[in-house]
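Please read the following account alongside the sequence and the coordinates. It begins with a pair of side chains and ends with the chain as a whole.

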Amino acid sequence: LTGADLRGANLTGANLYGANLSDGANLPGAILDGAYMREANLTRANLAGADLYGANLYGANLTGAILDHVIGADFTGAINVNPKYR
């Protein structure tokens with residue numbers, strides 16, 4: 001899913017374990033309620049305004065990810081989260 005355009009996609013409860021959503025994957029406004037994103041690569045992904053309520057981000061790599069205005073995110077155990085989003 002590298003560079004995928006998933007703007008506004010409804011991915012509620014999706015199993016994205018270890019998914020590669022790096023290098024500009026575009027997810028602004030996506031609904032990821034309860035998504036299993038453990039160990040996903042979200043390097044430089046755009047998650048602005050995404051709904052991450054209940055999403056499991058443990059071990060997910062968020063290096064350079066755009067996380068402005070995300071909803072309900074719990075970054076516990078996520079890797080390389082910019083401190084301004086903690």
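The model is predicted. Tyr17 has a relative accessible area of 46%, which lies between the 20% and 50% limits, and is therefore partly exposed. Tyr36, at 33% relative accessibility, is likewise classed as partly exposed. These residues bring us to ring packing: searching the whole structure turns up one aromatic pair. The pair is formed by Tyr17 and Tyr36, with 5.9 Å from centre to centre and 20° between the planes. Because planes under 30 degrees apart count as stacked, the arrangement of Tyr17 and Tyr36 is stacked.

The start of the chain can be taken next. Leu1 has a relative accessibility of 52%, and since exposed means over 50%, Leu1 counts as exposed. Leu1 nevertheless has contacts: leaving aside residues up to four places away in sequence, Leu1 touches Leu16, Asn20, Leu21 and Ala25. A separate distance links Leu1 to Asn56: the two are 55 residues apart in sequence, and their C-alpha atoms are 18 Å apart in space.

Two residues deserve a look for their backbone angles. Most residues other than glycine have a negative phi. Glu39 is not a glycine, yet has a positive phi of about 60°. Arg44 is not a glycine either, and its phi is also positive, at about 60°. As for their surroundings, Glu39 is partly exposed, with a relative accessible area of 45%. Arg44 is partly exposed as well, at 48% relative accessibility.

What of the chain as a whole? The protein chain contains zero helices and zero strands. Its radius of gyration is 11 Å, close to the 12 Å that the globule rule gives for 86 residues, so the chain is as compact as a globular protein of that length. The C-alpha trace spans about 25 × 25 × 25 Å along its principal axes.

Burial and contacts add to this picture. Of the 86 residues, 40% count as buried. Among contacts with a separation of 6 or more, 3% are between residues 24 or more positions apart.

The surface and the charges come last. The accessible surface of the protein chain is about 4300 Å², and carbon and sulfur atoms contribute 49% of that area. The chain carries 5 positive and 7 negative side chains, and the centres of these two sets lie 6 Å apart.

Methods
Residues are numbered from 1 along each chain as its sequence is written. This is a predicted model: local features need pLDDT of at least 70, side-chain atom pairs count only at pLDDT 80 or more; totals for chains, interfaces and linings use all residues. Side-chain values use heavy atoms; hydrogens and water are left out. Rings of Phe, Tyr and Trp (its six-membered ring) pair if their centres lie within 6.5 Å; planes under 30 degrees apart count as stacked, over 60 as edge-to-face and the rest as tilted. Buried means under 20% relative accessible area, exposed over 50%, partly exposed in between (1.4 Å probe, protein chains only). Contact means heavy atoms within 4.5 Å. Helices (H or I, at least four residues) and strands (E, at least two) are DSSP runs, numbered from the N terminus. The radius of gyration is taken over C-alpha atoms; the globule rule is 2.2 Å times the number of residues to the power 0.38. Accessible areas come from the Shrake-Rupley method with a 1.4 Å probe; for residues, only the protein chains shown count as cover. Lys and Arg count as positive and Asp and Glu as negative; His and the chain ends are not counted. The place of a charge is taken as NZ of Lys, CZ of Arg, CG of Asp or CD of Glu.
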